[in-house]
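I opened the coordinates to look up helices, strand pairing, charged pairs and surface. My notes follow in the order I took them.

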Amino acid sequence: MLFVSSILTAQKMEVVKGDFGFLAGQKEINIEFDYSKLTLLKENKTEAQYITERAKELNDKDKGVGNVWKKKWSGAKESIWNPKFLELVNIVLAKKKQEVSFQEGLTSAKYTLIVEAVWIFPGWDAMVMKQPAKVTTNLKFVETANKSNVLLEISSENAPGDQYGNNFSNESRIGEGFAKTGKSLAGLLLKKAYK
């Protein structure tokens, strides 16, 4: 008999500094995603290191597969990760009748949320056994006109990225970690800012 093994990870969301008061009455929040300090795996590899090594590993196994994977990886931020975060934060708030929208490109919004990707573990799926992705981010609410003025900073550690059934795409599993981060942030905002 085969057993499906999955190590459970718990997301930890903690206010590092600031408070939620400035969000009262805000209808629009600009959002930016920052991957410039991203590290991956337990070795804390830079994204460039990870891409080079992973592409070589895949190409050595099956010629050309690593090159295809590099294209998927480079497009994942704009096509999967950022949209997943945005979708979930907005859906959760809308379901609770909150008239606030988080969107990219809202440069006229008074405040901006900078989602800094800090660390990612892509996870894996080998059908019988799997390990969910983990996504760690810093969520910084700043003044749009003065981004050095951080009004609220929230640390989100190890947001799990997994789906029911099998998911062989690292990029998709990571996207679920971003979705979980957006959902958890919305839940925190509903408790602290939009009571």
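I began with a rule for helix length: the expected span of a helix is 1.5 Å times one less than its number of residues. I note at the outset that the model is predicted.

**Entry 1: helix α2**

I applied the rule to helix α2, residues 65-95. With 31 residues at 1.5 Å a residue, α2 should span 45 Å, and I found its end C-alpha atoms 41 Å apart, which agrees. I then looked for a bend and found one of about 60° at Ala 76. After α2 I checked the backbone at Lys 97, where phi is positive, near 60°.

**Entry 2: helix α3**

I repeated the length check on helix α3, residues 170-192. Its 23 residues should span 33 Å at 1.5 Å a residue, and the end C-alpha atoms are 33 Å apart, so the two agree. Is α3 mostly covered or mostly uncovered? I counted 18 of its 23 residues as buried, so to speak of it as mostly covered is fair by the under 20% cut-off.

Lys 192 belongs to α3. Its relative accessibility is 47%, so I entered Lys 192 as partly exposed. I also looked up its distance to Asp 19: the two are 173 residues apart in sequence, yet their C-alpha atoms are 8.6 Å apart in space.

**Entry 3: strand β6 and its partners**

I turned to strand β6, residues 111-121, and found 10 of its 11 residues buried. Which strands pair with β6 in the parallel sense? Strand β2 (residues 28-34) does so over 5 bridges, and strand β3 (residues 39-40) does so over 2 bridges. For register, I noted Phe 33 opposite Val 115 of β6. I also noted Thr 39, whose bridge partner in β6 is Trp 119.

In what sense does β6 pair with β9? The pairing is antiparallel, over 10 bridges. Within it, Ile 120 has Val 135 of β9 as its bridge partner.

**Entry 4: on to β9, β10 and β1**

I followed the pairing on from β9, residues 133-143, which pairs with β10 in the antiparallel sense over 10 bridges. How many residues lie between β9 and β10 in their hairpin? There are 2. Thr 137 is matched with Ser 156 in β10 as its bridge partner.

Strand β10 covers residues 146-161 and also pairs with strand β1, residues 12-18. That pairing is antiparallel and runs over 6 bridges. I wrote down Lys 17 as standing opposite Glu 153 in β10.

**Entry 5: salt bridges**

Side chains of opposite charge can pair when their charged atoms come close. I counted 10 salt bridges, taking a side-chain nitrogen of Lys or Arg within 4 Å of a carboxyl oxygen of Asp or Glu. I looked up three pairs.

Lys 12 bridges to Glu 14, with 3.5 Å between the closest N and O atoms. Lys 12 has 44% relative accessibility and so counts as partly exposed. Glu 14, at 39%, is also entered as partly exposed.

Glu 53 and Lys 45 meet at 2.4 Å, N to O. Are the two members of this pair buried or partly exposed? Glu 53 is partly exposed because its relative accessibility is 36%. Lys 45 is buried, because its relative accessible area is 19% and the cut-off for buried is under 20%.

The side chains of Lys 77 and Glu 47 form a salt bridge at 2.5 Å, N to O. This pair links distant parts of the chain, 30 residues apart: Lys 77 is in helix α2 and Glu 47 is in helix α1, residues 47-61. I found both Lys 77 and Glu 47 buried.

**Entry 6: a surface patch**

Last, I looked for nonpolar side chains on the surface. Which residues form a nonpolar patch there? Trp 124, Val 128 and Met 129 do, with about 250 Å² of accessible area together. I placed Val 128 in the loop between β7 (124-125) and β8 (130-131). Its relative accessibility is 33%, so Val 128 counts as partly exposed.

Terms used: Residues are numbered from 1 along each chain as its sequence is written. This is a predicted model: local features need pLDDT of at least 70, side-chain atom pairs count only at pLDDT 80 or more; totals for chains, interfaces and linings use all residues. Side-chain values use heavy atoms; hydrogens and water are left out. Helices (H or I, at least four residues) and strands (E, at least two) are DSSP runs, numbered from the N terminus. The bend at a residue is the angle between axes fitted to the seven residues ending there and the seven starting there. Patches are made of residues with over 30% relative accessible area and no salt bridge: like charges are joined within 9 Å, nonpolar side chains (Val, Leu, Ile, Met, Phe, Trp, Tyr) within 5 Å. Accessible areas come from the Shrake-Rupley method with a 1.4 Å probe; for residues, only the protein chains shown count as cover. Buried means under 20% relative accessible area, exposed over 50%, partly exposed in between (1.4 Å probe, protein chains only). Two strands pair if DSSP finds at least two bridges between them.
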